[in-house]
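Trainee: I am new to this structure and would like a close look at a single part of it. Please take me through that part step by step.

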Amino acid sequence: MIIILLGAPGAGKGTQARQIAETHNLVQLSTGDMLRAAVSAGTEIGKQAKDIMERGELVPDDVVVAIIADRIGQPDCANGAILDGFPRTVAQAEALDDMLESKGRKLDKVIEMAVDEAALIERISGRFTCAECGEGYHDKFKLPAKDGKCHCGATEFIRRPDDNEETVRSRLVAYRSQTEPLLPYYRRKGVLTTVDGMAEISQVSKQIADLLEAA
Ligand code: AMP
């Protein structure tokens, strides 16, 4: 099963992708996570991507397409993958179609997480993740359960450098101009469904799980 989660920055794609990957035995493929790992490791791709990411712009299509092409062909993706943050342009979507076709696979579902843009800045600027297990938290909506500790026991948390108001505004501009055209692209293919991304995290998970059961 190949699933894509689409939605503006802060829509909750990462949170949902993590959960679905676990409950449906899929591999989560997040180009954002992979690029952040490349930046931390100081690889060539990381060096190329760092400034672009800090400006809230999109990394060139050929870079992210190559990353996904390499990753999706690996044995652990045989059962399926949930793509979070890819594709982000029509050119990436077309490259993904070709990639899947050449491997005899198909795209099962594209799930749009619709959110109210006014809420996004608040959502994004308060978020942080566990440095150990990657669980997502928020200053206002979801603090670590006990004594500032993650459920995995870790006490160290990370905030993304691009989760600040100025960069978020640029990321929203990039989303509207370059990623939103994917909605009609996938609607025409008959694979797009929209869920209410403003609902409680557990409610959104339920909406997505129901869709996947029906698929
Ligand atoms: P994300 O974690 O998905 O919000 O991605 C963080 C940043 O990584 C984005 O603002 C882009 O600069 C870059 N990025 C992630 N995925 C892509 C993609 N599919 N195409 C281009 N840039 C991407």
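Trainee: Is the crossing of α5 and α8 left-handed or right-handed? Please describe that part and what surrounds it.

Mentor: Keep in mind that this is a predicted model. The crossing of α5 and α8 is right-handed. The two helix axes come within 9 Å and cross at roughly 35 degrees. On the α5 side, Val90, Ala93, Glu94, Leu96 and Asp97 take part, and they meet Leu182, Tyr185, Tyr186 and Lys189 of α8. Sorted by class, this contact has six nonpolar and three charged residues, and no polar ones.

Tyr186 leads from the helix pair to other parts of the model. Leaving aside neighbours within four places in sequence, Tyr186 is in contact with Ala93 and Leu96, and also with Ile4, Leu6, Pro87, Leu107, Val110, Val191 and Leu192. Tyr186 is also among the residues with the most contacts inside the largest nonpolar core, which has 32 residues. Both α5 (90-102) and α8 (182-189) are among the elements that give two or more residues to this core, as are β1 (2-6), β2 (27-30) and β3 (81-84). The most comes from α4, with six residues. In soluble globular proteins, nonpolar side chains tend to be buried together.

The strands just named belong to an open sheet of five, in the order β2-β3-β1-β4-β8, with parallel pairing. β2 and β8 (192-196) each have a single partner strand, so one side of each is left without a neighbour in the sheet. On average, neighbouring strands are turned by 25 degrees against each other, direction ignored. Another helix, α9 (residues 201-214), lies across β1, β4 and β8, and runs at about 155 degrees to β8.

Note on methods. Residues are numbered from 1 along each chain as its sequence is written. This is a predicted model: local features need pLDDT of at least 70, side-chain atom pairs count only at pLDDT 80 or more; totals for chains, interfaces and linings use all residues. Side-chain values use heavy atoms; hydrogens and water are left out. A nonpolar core is a set of buried Ala, Val, Leu, Ile, Met, Phe, Trp, Tyr and Cys residues joined through side-chain atoms within 4.5 Å. Buried means under 20% relative accessible area, exposed over 50%, partly exposed in between (1.4 Å probe, protein chains only). Helices (H or I, at least four residues) and strands (E, at least two) are DSSP runs, numbered from the N terminus. Contact means heavy atoms within 4.5 Å. Axes are lines fitted to C-alpha atoms, for helices over the stretch in contact, and angles run from 0 to 180 degrees between N-to-C directions. A crossing is left-handed if the near helix is turned anticlockwise from the far one by less than a right angle, and right-handed if clockwise. Ala, Val, Leu, Ile, Met, Phe, Trp, Tyr, Cys and Pro count as nonpolar, Asp, Glu, Lys and Arg as charged, and the others, Gly among them, as polar. Two strands pair if DSSP finds at least two bridges between them.
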